[in-house]
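Reader: Please take me through the salt bridges, the core and a pocket of this model, one question at a time.

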Amino acid sequence: MGSWATGATLTQEISDEALCRRVAARDEAAFDVLVGRYQGRAYRLAWSLLRNAEDARDVSQEAFLRVYRTAGGFRGDARFSTWFYRVLVNLCLDHRRRGRWWQRVLVRDDGRGDAEQALLEQQPAPGAEPGEALGAKQMTARLWAAVERLSPQQRAAIVLHAQEELPTSQIAVVLKCSEATVRVHLHRAVGALRKVVARE
């Protein structure tokens, strides 16, 4: 598609999949473009699963390093975004299994300062009363507490569905399970969150 000399215009024309092929050939400029496209989403997704700012930064950076090292293994069967989310979610789940996440939860260091981009975060409408804003914040905190009680697979499914807006088919690829299993995870997760709302 030509050289990188044309800058931003060219980067908008190149698909993620083409960029990944260039990364496999060790094109660092292509890697920089992919990082630029996915850095915010990667951090947001990792934070949603781990609920700790430092851990989210570490794991999302590790996901990009993994992409750089294994880009040659991307066969193009799925979209690049689906492949990347699978790498990232697996790293998050591995991180939680190692126990560090549970230690952080026990001391309640859950990175609330970065919640602006979090799943289910709702801003009050312009001109909302302060009491309404406080109520929305409290509801968000309760919903997050309910999300934290979900199984890792349910939590990943609801975050990918609600925050990343992935269809069931792509979530199934990311989580390496059937679409029917994804629907079960989503049904149970949504049921748990509805109970929180119903108690209001």
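Author: The model is a predicted one. A first pair to look at is Arg22 and Asp27, whose side chains meet in a salt bridge at 4.0 Å, N to O.

Reader: How many salt bridges does the count come to?
Author: A pair counts when a side-chain nitrogen of Lys or Arg is within 4 Å of a carboxyl oxygen of Asp or Glu. By this rule the total is 8.

Reader: Is Glu179, the partner of Arg183, buried, partly exposed or exposed?
Author: The closest N and O atoms of Arg183 and Glu179 are 3.9 Å apart. Both residues lie in helix α10, 4 residues apart, about one turn of the helix. Glu179 has a relative accessibility of 38%, and buried means under 20% and exposed over 50%. Glu179 is therefore partly exposed.

Reader: Which residues are joined into one network by salt bridges that share partners?
Author: Glu62 pairs with Arg69, with 3.1 Å between the closest N and O atoms. Through shared partners, the network consists of Glu62, Arg66 and Arg69.

Reader: Which element gives the largest share of the largest nonpolar core?
Author: This core has 55 residues, and Leu175 is among those that touch the most other members. Elements giving two or more residues include α2, α3 and α10. The largest share, 12 residues, comes from α3.

Reader: Which element gives the largest share of the lining of the second largest pocket?
Author: The pocket has a volume of about 220 Å³ and is lined by 13 residues. α4 and α5 each supply at least two of them. The largest share, 4 residues, comes from α5.

Conventions
Residues numbered from 1 in each chain as written. Predicted model: local features only at pLDDT ≥ 70, side-chain atom pairs only at ≥ 80, totals over all residues. Heavy atoms only, no water. 1 Å grid on protein atoms, 1.4 Å probe; cavity = no way out; pocket = protein on both sides within 12 Å on 5 of 7 lines; lining within 4 Å. Points joined across faces, edges and corners; volume = space filled by probe spheres on them. Core = buried A, V, L, I, M, F, W, Y, C linked by side-chain atoms within 4.5 Å. Buried < 20%, exposed > 50% of the residue type's maximum accessible area, 1.4 Å probe, protein only.
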